[in-house]
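Work through these exercises with the model on your screen. Try each task before you read its solution.

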Amino acid sequence: MSDFACSAPGCGTAVDDDRELALSDYEGPVARWCPGCGDHSVLTSVERLLVAEQLKPEQTMFVSGIGCSSRFPHYLKTYGFHGIHGRALPVATGIKLHRPDLAVFVVMGDGDCCSIGAAHWVHAIRYNTNMVAMLLDNSIYGLTKKQTSPTTPQGFKTNTQPAGSFLPQLNPLTTMLGTTNVSFVAQTAEWIPAHLYATLRAAYRHRGLAFVRILQRCPMYTSAIYERAVKDPSMVELLVHDDGVTVPELDAIYRTRRAHDPHDLTAARQLADEDAPIRLGIFFRDEQRPCYDEIRRVRKVSANERLALLEKELDRYAV
Ligand SMILES: Cc1ncc(C[n+]2csc(CCOP(=O)(O)OP(=O)(O)O)c2C)c(N)n1
Ligand code: SF4
């Protein structure tokens, strides 16, 4: 059994490196989302993934923006950064550049990612940094109480557009699949935990930025959106392939299936562009695409090296 000192600044506590990690090593305080909120299900699947992959809490980072979903890091015993609305992706990119040894997860709402954070979103796809990004898409601004978001369905009544959302909803999948250097795009639903978990696991094992859109119920403000699909599995089509997500326990319930090779970008774009049925699975994956963090890995500079550099710079101005 080997010990090492916790790398957290100022900590230094001895940690047993070979310990078998259990759920209790990750579970934080009781989550304060509304009863029935889909965020609970995502948290449970993520905790299951952390245990399965035995990710060390002190080596794992959850970065979020602002929103109901962005409270995620508070409910885990890993490191976390509950940041600024729309800025989770650039914060996470910076963390990964400086600490490539950390497993980095990003949690965003649809307002967070696709509205105020949209510019960062597009560039993060292109930068293809090694991390998992989760879009918890409840089609509404939940935390600020029911404003139209980019993914609110046209005609859906909200507090900002009481007569119904004016525009057709933005399609996050086609947006990502149309972005240069995209490397992993998947869609899953929080009410199908087995599929959610299998998708998150595939995302975690991907090289590059693995982006997972998670369809999420918000019983408080958008309960009508997925109600029928939850009750009627025939409204959901699972994309299946040896390189995709396979969940045998869903065979008996989710019978609508479509073979899709996730390496085929043209087919992925076409499938993502069709409104119905609700398609779940890996739309696209390509592990050969360049990753910004691998190309621009920041070399660790020791305190002494830094001091020497500073002195050399100051010497230039010495009289
Ligand atoms: C710069 C800035 N603008 C606006 C807000 C107000 N605000 C907080 S959360 C939020 C939207 C939350 O919606 P979403 O990202 O979809 O997450 P959800 O709450 O639905 O999980 C907004 C507009 C803010 N905190 N900061
Ligand atoms: S308002 Fe909606 S998204 Fe926010 S915690 Fe409640 S159910 Fe979840």
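**Exercise 1. Check the length of helix H1 in this predicted model.**

Solution.
- Step 1: Helix H1 covers residues 38–53, which makes 16 residues.
- Step 2: Use 1.5 Å a residue, taken times one less than the number of residues. The expected span is therefore 22 Å.
- Step 3: Compare with the model. The end C-alpha atoms of H1 are 23 Å apart, which agrees.

**Exercise 2. Find which residues of H1 are buried, and what covers them.**

Solution.
- Step 1: Apply the cut-off: buried means under 20% relative accessible area.
- Step 2: List the residues that pass. They are Gly38, Asp39, Ser41, Val42, Leu43, Ser45, Val46, Glu47, Leu49, Leu50 and Glu53.
- Step 3: Look for the cover. It includes four strands, S3 (60–64), S5 (103–109), S6 (131–137) and S8 (209–215), along with helix H6 (193–204).
- Step 4: Step past the end of the helix. Just after H1, glutamine 54 has a positive phi of about 50°.

**Exercise 3. Decide whether glutamate 58 is buried or exposed, and find its side-chain partner.**

Solution.
- Step 1: Locate glutamate 58. It sits in the loop between H1 and S3.
- Step 2: Read its relative accessible area, which is 10%. Glutamate 58 is buried because this value is under 20%.
- Step 3: Search for the partner. The side chain of arginine 19 makes a polar contact with that of glutamate 58, at 3.0 Å.

**Exercise 4. Classify lysine 145 and lysine 146 by exposure.**

Solution.
- Step 1: Place both residues. Lysine 145 is in the loop between S6 and helix H5 (172–177). Lysine 146 lies in the loop between S6 and H5 too.
- Step 2: Check the backbone. Lysine 145 has a positive phi of about 75°, although it is not a glycine. For lysine 146, also not a glycine, phi is positive at about 80°.
- Step 3: Classify. Lysine 145 is exposed because its relative accessibility, 51%, is over 50%. Lysine 146 has 22%, so it counts as partly exposed.

**Exercise 5. Describe the surroundings of ligand 1.**

Solution.
- Step 1: Count the shell. It holds 16 residues, and the closest are Cys68, Ser69, Gly111, Asp112 and Gly142.
- Step 2: Sort by class. Six are nonpolar, eight polar and two charged.
- Step 3: Find the main contributor. Helix H3 (residues 110–116) gives the most, with four residues.
- Step 4: Read the backbone distances to oxygen atoms of ligand 1. They are 2.7 Å for cysteine 68, 2.8 Å for glycine 111 and 2.9 Å for glycine 142.
- Step 5: Assess the cover. Taken alone, ligand 1 exposes 590 Å², and the protein buries 74% of that.

Technical notes:
Residues numbered from 1 in each chain as written. Chains lettered and ligands numbered in written order. Predicted model: local features only at pLDDT ≥ 70, side-chain atom pairs only at ≥ 80, totals over all residues. Heavy atoms only, no water. Near = heavy atom within 4 Å. Polar contact = N/O pair within 3.5 Å; in protein donor to acceptor, adjacent residues only side chain to side chain. Areas by Shrake-Rupley, 256 points an atom, 1.4 Å probe, with all protein chains shown as cover. Helix = DSSP H or I, 4+ residues; strand = E, 2+ residues; numbered from the N terminus. Nonpolar A, V, L, I, M, F, W, Y, C, P; charged D, E, K, R; others polar. Buried < 20%, exposed > 50% of the residue type's maximum accessible area, 1.4 Å probe, protein only. Contact = heavy atoms within 4.5 Å.
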